[in-house]
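The exercises below invite the reader to work through selected local features of a protein chain. Each task is followed by a solution that proceeds step by step.

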Amino acid sequence: MEEELKCPVCGSLFTDPIILPCSHNVCAGCARSIAVQTPEGEIPPHAASHGRTAAASGAPDYDYLDVDKMSTHSETDSGYGSYTPCAKSPNGVRVFPPPPALVAARHCSITCPLCHRSVSLDERGLRAFPRNRLLEAVVARHRQGRARAVKCQLCDRNPPDATVTCEQCDVSYCSACQQRCHPARGPLAKHRLVPPATLAQQQPTANNNAANNVVSAAAAAARAPSTCVEHESENLSAYCASCRTPVCYVCVEDGKHGKHDVKPLAVMWKQHKCQLSQALNGVSDKAKDAKEFLVQLKNLLQQIQENGVEFEACLVAQCDALIEALTRQKAKLLTKVTKEKESKLKTVRDQITHCTMKLRQTTGMMEFCLEVIKENDPSGFLLISDALIKRVQASQEQWVKGALEPKVCPEFALSINTDPLMQSILQLDFTQGKDGQESALVKQMHAGVQTDMESTGETPMVPPAPLLQLEKCCTRNNSVTLAWRITAVQALPVEGYVLELDDGNGGQYREVYVGKETVCTVDGLHFNSSYNARVKAYNSIGVGAYSKTVVLKTSDVAWFTFDPTSAHRDIVLSNENQTVSCNSYDDRVVLGTAAFSKGVHYWELCVDRYDNHPDPAFGVARINTLKDVMLGKDDKAWAMYVDNNRSWFMHNNSHTNRAEGGITKGSTVGVLLDLTKHTLTFFINKEQHGPVAFENLEGVFMPAVSLNRNVQVTLITGLEVPKNIK
């Protein structure tokens, strides 16, 4: 709860807090330090940059629900202003020196350090803002509780708070000292350990008495009748429902609240207390579930750690039993398991961090609300009740369905059984032994053949050029398949073949296959390219001549689907991997099966389902882009994310080029990747959407989409490049 009691300017507990028009609190002294002077008639700079605060009239607009959605991402896009960070304030808030003449408050303004809303001060200055008596009382009680804390008596420097006190030893221990110096075993097992607060309450000290006096004084101040800000001699006796503020009878009879909906103060006090209590009941259940969920996650973390260690040990033991030829495979398997374990541990740690942060915020707010409910000052309560109710309701909405479910399971979806492999290895050893014997015999036979050849005057030959079987050679998409055979039987057998391809531009050849097979498929070639292929054979004598060159042309346009092997686990593929949806409320990424490094390529995605106005993202990415965030959040993806009204381009979490016009069910989103010009352009319903999105693209790119459970899209490939490019 202590975070709720700290001033956002100085970072310390509130001292003489006042309530700003936006319902946030600051210390009275801090308010004076952040007040800035403005020339007469000039709008405060922070208010002008925001564009939503009517500072000049002193009547700020509190409806923040219409803030542009990009405000949470980009200041340059929506015009959302903020404070310049400053190292001299604990919360990064720039603290201005007090104006030399704060008396002339009508030329001063003050900006809330939390929401950055500015308001001009009238002739009353800071006295126009009501004093938060309830918050003062809560802070005083908190100071008293902190003063009563019992410290560990064994720690020398900066002793932490004690967790237990032994009644027999009359010593207070922290957790570490209790386990080290007072374990619950042996002769100490019969000692009774009690919470330190129990003895502290039985033995009040002078400090406690002083703290009690402070709290009593604060409580007395909170119980004193609150006076009207407009009429300082009058007590607050009614509540204006139209303005949502307590007022006095003079305000009702002669002031600006005369024609408003005014209700008795006590009635509205009880009504708002009831609303806050009901809202707290809901969030309390969520907080309880969150605590249980944290325990579950910590147990899950331990299980994953234990299972991972056990699995690694088992894998190492099994792999070490294999022969040296399996060493490289062992390393690959071990790396795979380690990555799986680290992925699970990272996921759970992230969940723990996220859930702990949300729970701490919720718990602190609950404790603060409970303390506020204990207060008996109707007017003070009604000053802050609306804001608290909204915060509690918003906090309850954070705990959506699925937020308290583990994202991973402790079991590893991997298994290994070395018995068949070990048996095969043993058999292979015997086979190798036989092969070795046969090899020796073959060598003897070859030696005999060579002797016979020498005796007859014949010379051993290298293999002849293989013959490419054109009827079996073919291309599919960006893959080529080649087949060949030897035309004549030689005295020395062929030991293998070498297949070579050029770079698709008539450049140098490179080896793509070496082995005994006579059929080979090469994947990952460039689209709309012609490759020259040739093959040669070799034996114990040497390497033979090349075959005739065959030219194979890859597909003009790309045909591909979504890749299930690299997709996030929440991604759901159907329609032969051409339709994608998601099981999660969060954005998840799926890549295509094609990779592009040259040429011009165009594909489209048809929106089959679009509910609740989500923001799917479409574009290209590297193979190692993040799969659990929106496409474009990292530096390995280039995307356009779009809702039903507008769109933005995003790369490395930088948002640019907001454009009007969005998508609905049945819309098509086109992606044009031109690696000749190194640009990326987007289309919606066959029309170019915005300018060229990205330039200077270099490297290998894969089609990519990110979406949540509210969206389903179908991939359409093999399309011609659009002509209407701006």
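## Exercise 1: The setting of Asp122

Asp122 is partly exposed, with a relative accessible area of 25%. The model is a predicted one.

Task. Explain why Asp122 is classed as partly exposed, and state where Asp122 lies in the chain.

Solution. Step 1: the class "buried" requires a relative accessible area under 20%, and "exposed" requires over 50%. Step 2: the value for Asp122 is 25%, so the residue is partly exposed. Step 3: Asp122 belongs to the loop between strand 5 (118-120) and helix 4 (133-147). Step 4: Asp122 and Cys108 are separated by 14 residues in sequence, and their C-alpha atoms are 8.1 Å apart in space.

## Exercise 2: Aromatic pairs

Task. State how many aromatic pairs the whole structure contains, and classify the geometry of Phe560 with Phe596.

Solution. Step 1: a search of the whole structure yields 10 aromatic pairs. Step 2: the ring centres of Phe560 and Phe596 are 6.0 Å apart, and their planes stand at 70 degrees. Step 3: planes over 60 degrees apart count as edge-to-face, so Phe560 and Phe596 form an edge-to-face pair. Step 4: Phe560 is in the loop between strand 19 (550-553) and strand 20 (571-574), while Phe596 is in the loop between strand 22 (588-591) and strand 23 (600-610); the pair therefore ties together parts 36 residues apart in sequence. Step 5: both Phe560 and Phe596 are buried.

Task. Classify the pair of Phe649 and Phe694 in the same manner.

Solution. Step 1: the ring centres of Phe649 and Phe694 lie 6.2 Å apart and the planes are at 50 degrees, so this pair is tilted. Step 2: Phe649 is part of strand 26 (residues 646-651), whereas Phe694 lies in the loop between strand 30 (687-688) and strand 31 (702-707); the pair therefore ties together parts 45 residues apart in sequence. Step 3: Phe649 and Phe694 are both buried.

Task. Name the members of the aromatic cluster that includes Phe527.

Solution. The cluster consists of Phe527, Phe560, Phe596 and Trp603.

## Exercise 3: Charges over rings

Task. Which rings lie beneath Arg534 and Arg709?

Solution. Step 1: the charged end of Arg534 sits over the ring of Tyr509, 3.9 Å from its centre. Step 2: Arg709 lies over the face of Tyr585, at 4.7 Å from the ring centre.

## Exercise 4: Two packed helices

Task. Describe how helix 10 and helix 11 pack.

Solution. Step 1: two packed helices are described by the angle between their axes and the distance between the axes. Step 2: for helix 10 (residues 327-374) and helix 11 (residues 378-398), the angle is about 150 degrees and the axes are 11 Å apart. Step 3: angles over 145 degrees count as roughly antiparallel, so helix 10 is roughly antiparallel to helix 11. Step 4: the crossing of helix 10 past helix 11 is left-handed.

## Exercise 5: Strand 14 and its partners

Task. Is strand 14 largely enclosed or largely open, and which strands pair with it?

Solution. Step 1: of the 7 residues in strand 14 (residues 479-485), 6 are buried, so the strand is largely enclosed by the rest of the structure. Step 2: strand 12 (residues 467-468) runs antiparallel to strand 14 and is joined to it by 2 bridges; Leu467 has Arg485 as its bridge partner. Step 3: strand 13 (residues 474-476) is also antiparallel to strand 14, with 3 bridges, and Cys474 stands opposite Thr481. Step 4: strand 13 and strand 14 form a hairpin with 2 residues between them, and Asn477 in the turn has a positive phi of about 60 degrees. Step 5: strand 17 (residues 519-522) pairs with strand 14 in the antiparallel sense over 4 bridges, and Ala483 faces Val519.

## Exercise 6: Strand order in two open sheets

Task. Give the strand order and the edge strands of the sheet of 3 strands and of the sheet of 7 strands.

Solution. Step 1: the open sheet of 3 strands has the order 7-6-8, with antiparallel pairing. Step 2: its edge strands, each pairing on one side only, are strand 7 (171-173) and strand 8 (193-194). Step 3: strand 6 (residues 164-166) is joined to strand 7 by 3 bridges, and Cys166 has Val171 as its bridge partner. Step 4: the open sheet of 7 strands has the order 20-21-32-23-28-29-30 and antiparallel pairing. Step 5: its edge strands are strand 20 and strand 30. Step 6: strand 28 (residues 668-674) and strand 29 (residues 679-684) run antiparallel, joined by 6 bridges; Val669 is partnered by Ile684.

Notes: Residues are numbered from 1 along each chain as its sequence is written. This is a predicted model: local features need pLDDT of at least 70, side-chain atom pairs count only at pLDDT 80 or more; totals for chains, interfaces and linings use all residues. Side-chain values use heavy atoms; hydrogens and water are left out. Rings of Phe, Tyr and Trp (its six-membered ring) pair if their centres lie within 6.5 Å; planes under 30 degrees apart count as stacked, over 60 as edge-to-face and the rest as tilted. Buried means under 20% relative accessible area, exposed over 50%, partly exposed in between (1.4 Å probe, protein chains only). A charge sits over a ring if NZ of Lys or CZ of Arg is within 6 Å of the ring centre and within 35 degrees of the ring normal. Two strands pair if DSSP finds at least two bridges between them. Axes are lines fitted to C-alpha atoms, for helices over the stretch in contact, and angles run from 0 to 180 degrees between N-to-C directions. Angles under 35 degrees count as roughly parallel, over 145 as roughly antiparallel, 65 to 115 as roughly perpendicular and the rest as oblique. A crossing is left-handed if the near helix is turned anticlockwise from the far one by less than a right angle, and right-handed if clockwise.
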